[in-house]
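Welcome, and please keep the viewer open while you read. The paragraphs below go through the strands, the rings and the enclosed space in turn.

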Amino acid sequence: MKKVGILFGQENTFPPAFVERVNAKGGGKIKAEFVNIDKVQQGESSGYDVIIDRISQDVPFYRGFLKNAALCGAAVVNNPFWWSADEKFFNNALATKIGVAVPKTVLLPSKEHPTDTGAKSFRNLAYPLDWEGIFNYIGFPAFFKPFAGGGWKNVYRVTNRDEFFRAYDETGQLVMMLQEEIVFKEYFRCYCLDCKDIRIMQYDPRQPHHLRYVKDGPPVAPAILQKVYDDVMALNVWLGYDFNTVEMAVRDGVPYAIDFCNPAPDADVHSIGEDNFAWIVEAAASMAIRKAQAHVEGRNNLTWGEFVRTYAAEVR
């Protein structure tokens with residue numbers, strides 16, 4: 001019997017619904033449960049063929065456990081090696097190479113020196129930076145946010161130079177990026193699972209959290225929806241995420257990928273609503289079953305994105 005586990009934190013609705021649905025669909029050949037860890041020995045199997053990871057971004061111990069499990073053949077969703085390497089600025093840069101529109105963005109060094117570094121550690125960094133060039137390129141208003149991380153932590157909307165520098169003074173050792181504001185007409189949050197199943201949800205990030213998923217929103221042109229679908233698929237295929245959300249803002253008929261590094265996205269019924277919840281539970285269960293059926297003992301069963309596979313092939 002194939003074994004599927006889900007690793008999670010404070011979630012209360014998605015994990016049990018996922019386990020129940022996998023067990024109902026598994027036909028007695030696939031069993032799902034909450035992951036149980038009593039010890040982690042190097043090079044020893046976790047006992048799971050598939051693991052759905054919903055929490056290791058917050059618990060480094062779990063990330064270590066998942067890498068060991070993957071080494072021993074578990075199909076971990078999402079790939080813990082890529083998730084450890086990924087960050088938002090790289091994602092934006094990759095999008096520019098695959099034809100997905102993104103806001104103009106620049107990477108900025110942390111305001112404070114990292115621990116155990118000093119002025120000599122930054123002899124390759126111009127001082128001052130070309131602030132005029134940066135501000136002319138991005139424009140104001142702009143968003144100022146960490147190049148890695150999520151949950152809207154340490155995110156600022158700045159409307160001029162003075163507001164930018166005041167915000168910069170508050171960021172400590174965080175590496176930040178400054179990003180063009182996209183004033184949008186339509187906005188979507190899109191689930192993408194297994195680089196196969198996509199659900200496009202109308203969304204309004206300006207609303208309180210519990211009102212952001214729009215019910216019975218206005219009609220959207222089919223061409224825009226198709227472009228959103230194609231871009232969401234392309235981003236996940238190239239990044240290699242099995243479970244992700246992509247946020248798209250539409251300006252002048254052009255969808256811009258705003259946030260697409262969400263490998264443990266919100267799946268709580270109370271925030272996403274009953275219809276979206278039913279979809280994500282069903283799609284996630286189907287994905288887990290496909291991965292369990294395709295699992296080969298002791299083999300590399302991870303998903304690797306087109307970027308890694310293409311570049312690794314070129315090295316050979």
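## Strand β3 and its neighbours

A good place to begin is strand β3 (residues 50-53), which is covered on both faces. V50 and I52 lie on one side, I51 and D53 lie on the other, and all four are buried. Please bear in mind that this is a predicted model.

Which strands pair with β3? Strand β1 (residues 2-7) runs parallel to β3 and is joined to it by four bridges. To find this pairing in the viewer, look for I6, whose bridge partner in β3 is I52. Strand β4 (residues 75-77) also runs parallel to β3, this time with three bridges. Here V50 has A75 in β4 as its bridge partner. So I52 and V50, both on one side of β3, each appear in a bridge: I52 with I6, and V50 with A75.

## Two β-α-β units

You can now add the helices. Helix α2 (residues 60-71) belongs with β3 and β4 in a right-handed β-α-β unit.

A second right-handed β-α-β unit is made by β1, helix α1 (residues 14-25) and β2. Strand β2 (residues 30-34) pairs with β1 in the parallel sense, over five bridges. In this pairing, V4 has A32 in β2 as its bridge partner. β1 is thus joined to β2 by five bridges and to β3 by four.

## Aromatic pairs around W82

Next, the rings. The count of aromatic pairs comes to 25. One of them is W82 with F90: the ring centres are 5.9 Å apart and the planes meet at 75°, which is over the 60 degrees needed, so this pair is edge-to-face. How exposed are these two residues? W82 has 9% relative accessibility and therefore counts as buried, while F90, with a relative accessible area of 25%, is partly exposed.

W82 also pairs with F307. Their ring centres are 6.1 Å apart with the planes at 50°, so this pair is tilted. The contact links distant parts of the chain, since W82 belongs to helix α3 (residues 80-85) and F307 to helix α10 (residues 306-315), 225 residues apart. Like W82, F307 is buried.

## A ring cluster and two charges over rings

Elsewhere, ring pairs link a cluster made of W131, F135, F140, F144, Y156, F164, F165 and Y168. The last of these, Y168, has a further partner: the charged end of K111 sits over its ring, 5.5 Å from the ring centre.

R54 offers another example of a charge over a ring. Its charged end sits over F243, at 5.1 Å from the centre of that ring.

## The enclosed space

How many cavities of 30 Å³ or more does the structure hold? There is one. The largest cavity contains about 50 Å³ of space, and its lining consists of K88, N91, N92, K145, M177, Q179, I258, D259, F260 and C261.

Which elements supply this lining? At least two residues come from each of α4 (88-97), β8 (176-180) and β12 (254-259). The largest share belongs to α4, with three residues. To view the site, you could select the lining residues, including K145 and C261, and then colour α4, β8 and β12, each of which supplies at least two residues.

Key:
Residues are numbered from 1 along each chain as its sequence is written. This is a predicted model: local features need pLDDT of at least 70, side-chain atom pairs count only at pLDDT 80 or more; totals for chains, interfaces and linings use all residues. Side-chain values use heavy atoms; hydrogens and water are left out. Rings of Phe, Tyr and Trp (its six-membered ring) pair if their centres lie within 6.5 Å; planes under 30 degrees apart count as stacked, over 60 as edge-to-face and the rest as tilted. Buried means under 20% relative accessible area, exposed over 50%, partly exposed in between (1.4 Å probe, protein chains only). A charge sits over a ring if NZ of Lys or CZ of Arg is within 6 Å of the ring centre and within 35 degrees of the ring normal. Two strands pair if DSSP finds at least two bridges between them. A crossover is right-handed if, with the strands pointing away from the viewer, the path from the first strand over the helix to the second runs clockwise. On a 1 Å grid over the protein atoms alone, a cavity is a set of points where a 1.4 Å probe fits but cannot get out, and a pocket is an open set with protein on both sides within 12 Å along at least five of seven lines; lining residues have an atom within 4 Å of a point. Grid points are joined across faces, edges and corners, and a volume is the space filled by probe spheres set on the points.
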